[in-house]
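Visitor: Please take me through this model and explain what each structural term rests on.

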Amino acid sequence: MWTRLQSLAGSLRDLGGCTRHNSVAAFTCQNPGGGDSDNSQRALRADKGGRTMPFQAVRLYIQDHHVVMDNGTVQVTLSKPAGLVTGIRYDGIDNLLEVLNRETNRGYWDLHWNPPGGKGIFDVISGTSFRVVVENDEQVELSFTRMWDSLLEGKYIPLNIDKRFILLRGSSGFYSYAIYKHLQEWPGFDIGETRITFKLRKDMFQYMAIADNRQRLMPLPDDLLPGRCQTLAYPEAVILVNPELPELTGEVDDKYQYSCENKDNQVHGWICFKPLVGFWQITPSDEFRTAGPLKQNLTSHVGPTTLAMFHSSHYAGKDLVLSISPGEPWKKVFGPVFIYLNSASNGEDAPFLWEDAKMQMMAEVQSWPYSFPVSEDFQKSEERGNVCGRLLVKDRNISDDYILASGAYVGLAPPGDAGSWQTECKDYQFWTRADENGYFSIKSICTGDYNLYAWVPGFLGDYRFDAIVNIISGCDMDMGDLVYEPPRDGPTLWEIGIPDRSAAEFYIPDPDPKFMNNLYANHPDRFRQYGLWDRYADMYPDTDLVYTVGLSDYRKDWFFAQVVRRKDDGTHVGTTWQIKFKLDKVDRSCSYKLRVAIASATLAELQVRVNDEKARRPLFTSGLIGRDNSIARHGIHGLYRLYNVNIPGARVVEGENTIFLAQPRCTSPFQGLMYDYIRLEGPPFSGSSNEASGSFK
């Protein structure tokens, strides 16, 4: 496969002329001191005679309008005082960034914000002052700041922003982080997104890698221009009509098809085939990302563009807009992240670059928290604390003994209600996964007050340890055994799906052949194909889904999303799904419990009726919920919601019963629900579950 891709990439390079080395004003100090381009991370390097010698010292060159950091392996040029990355020189290539773009559109921090109630503003963050924080043989750290005052109200976000860039001796890449600070007397604001963006040379970087099974030769940005593509239901999604690479003709491209959960979003980037060079964005910690380990973010996409996403409202909507009120002081450090560059020696090939990038990512993770950032706002290892313990589950329907919380997600996040971590935007979160015995260990936690939260795959709901966990410098806190009692009133009568906060286990159809992205053909992430929402109308043109407990199989018979049905005239109607089940015996004096876990909702409403589809008032309604947009953006989940519906015994009968799940809102093809798990429980157990004794052996 790689041989074929290299051949295809060669044809594209011939079109783009990738051998050119463009000279730009920023590169007036190329290789000062005569350093070479070895990308090794070792303390010593080998010269041509096989002898070892130390890496070149880090050097800083300050010019009129640019500043250059150079360690002999990597040379990074930034505009002064704006702090925009205008050039990256590596392995003999003058600039890895797109030299056809303006200097303001190559490598930059940005954010999208608005005053309360005002329109959104996109801001490429340009510093107004520059200073050298550290300059010695081992390290250079630069600061580019933009300070706010009342004269800037309405023009710039009311934040002091300090962008930092670091180059270390012997490092095959550079680091960046930023400190955002809001003072109490300043006006409020909302942030929808903030990130670092790099736009690479389109004539060189055409192969993208996000994961072992998510890699491909990508379209060129020119392929997305009018006349060369056909826009689909929203601007980000197109069919390639006349791409530079003919083999991509007819494929769908959409940047949201390459989204990734925070927990898996540690390294991604691009490969150039000649010379064999990789450009990688490495995020060694999720602590500064918002909304926990399951939050989905963009990664790399056609451009070639690579992103370090720190905060976004994607797959959540307004619930994940970061809102700072007037009179509210706030400060947060985003990063550092690492921009890693690698190249292949004789006898090595392109896959080596991806494998090497993964190894470098693991090395960065092991080095976290970094010791070298100078800012006191970034806490070092000795200033932080650690927490450990064991999580057990008590579910009397399964066992009278405690159950090991194997693989549980356990984290510290700011104090709030159970589950509040998934919409928490302002501060830091620290997550881990418990081992097979439920033991967990969370290291290097910033000082402060937290709640401990958890959720356990296979069990409903969210756990919160009610007492505040106060982390002080140097603490090692053992919390002992913690017990989570998931929602449970009575025995399970039937269930649909797996309680794992995702709809991936349900039936995901093949895409319309006209809307294929071949990366996801026969791929575990089938849900990432475009247009799957329309397949529901193909399968159910006139009537809606009916699921019969005991006969139906949710893997084949439960569509992954309850979407609206498209009519022949192009309009849409809401849908009502049915769950049919039998009860041999009914206790009419007791209530039954229907538990509905929602994996995603987009401007939707869940209405529940029992044995009477035409009842004027539903037994339960969620009201209007969700702005996840996961249906359109191939997300398979957004924000998790759990609804617990009491069904009076008088509403059910011996014999056949039907639960009707209606989603009536239908002004857009993307309105709908994704279910995580549905369970009907029988009448409550005798006695309280809290009174049940439990043991663990």
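**Loops and unusual backbone**

Guide: P81 lies in the loop between strand 5 (74-79) and strand 6 (85-90). The bond joining K80 and P81 is a cis peptide bond, with omega about 10°. The model is a predicted one, in which local features need pLDDT of at least 70 and side-chain atom pairs count only at pLDDT 80 or more, while totals for chains, interfaces and linings use all residues. Residues are numbered from 1 along each chain as its sequence is written, and side-chain values use heavy atoms, with hydrogens and water left out.

Visitor: What makes a stretch of residues a strand or a helix here?

Guide: Both are DSSP runs numbered from the N terminus: a helix is H or I over at least four residues, and a strand is E over at least two. P275 falls in the loop between strand 20 and strand 21, and the peptide bond from K274 to P275 is cis, with omega near -5°.

Visitor: What is notable about the phi of R501?

Guide: The phi of R501 is positive, about 70°, although R501 is not a glycine. R501 sits in the loop between strand 35 (492-497) and helix 3 (535-539).

**Sheets**

Visitor: How do you know that strand 12 and strand 26 are paired?

Guide: Two strands pair if DSSP finds at least two bridges between them. Strand 12 (residues 173-182) and strand 26 (residues 330-343) have nine bridges, in the antiparallel sense, so the condition is met. Among these contacts, I179 has V333 in strand 26 as its bridge partner.

Visitor: Which sheet contains this pair, and what makes a strand an edge strand there?

Guide: The pair belongs to an open, antiparallel sheet of nine strands in the order 9-10-11-12-26-21-20-14-15. Strand 9 (129-135) and strand 15 (214-217) are its edge strands, as each pairs on one side only. On average, neighbouring strands of this sheet are turned by 15° against each other, direction ignored. Such angles are taken between axes, which are lines fitted to C-alpha atoms (for helices over the stretch in contact), and run from 0 to 180 degrees between N-to-C directions.

Visitor: Which strands does helix 2 lie across?

Guide: Helix 2 lies across strands 12, 14, 15, 20, 21 and 26, and runs at about 145° to strand 26. Contact here means heavy atoms within 4.5 Å.

Visitor: Why are strands 16 and 18 said to stand at the edges of their sheet?

Guide: The open antiparallel sheet of three strands has the order 16-17-18. Strand 16 (229-231) and strand 18 (252-253) each have a single partner strand, so one side of each has no neighbour in the sheet. Three bridges join strand 16 to strand 17 (residues 238-240), and T231 has V238 as its bridge partner.

Visitor: In which sense does strand 40 run against strand 36, and in which against strand 46?

Guide: Strand 40 (residues 575-583) runs parallel to strand 36 (residues 546-548), with three bridges; V546 stands opposite Q578. Strand 40 runs antiparallel to strand 46 (residues 655-663), with nine bridges; F581 stands opposite N657.

**A salt bridge**

Visitor: Why is the pair R59 and D137 called a salt bridge?

Guide: The term requires a side-chain nitrogen of Lys or Arg within 4 Å of a carboxyl oxygen of Asp or Glu. The N to O distance between R59 and D137 is 3.0 Å, so the pair qualifies. R59 is in strand 3 (residues 59-62) and D137 in the loop between strand 9 and strand 10 (139-146), 78 residues apart. The rule gives 41 salt bridges.

**Pockets and cavities**

Visitor: What makes one space a pocket and another a cavity?

Guide: On a 1 Å grid over the protein atoms alone, a cavity is a set of points where a 1.4 Å probe fits but cannot get out, whereas a pocket is an open set with protein on both sides within 12 Å along at least five of seven lines; lining residues have an atom within 4 Å of a point. Grid points are joined across faces, edges and corners, and the volume is the space filled by probe spheres set on the points.

The largest pocket holds about 680 Å³. Its lining has 21 residues, of which P284, S285, D286, W431 and T432 are closest to the centre. The largest cavity has a volume of about 140 Å³.
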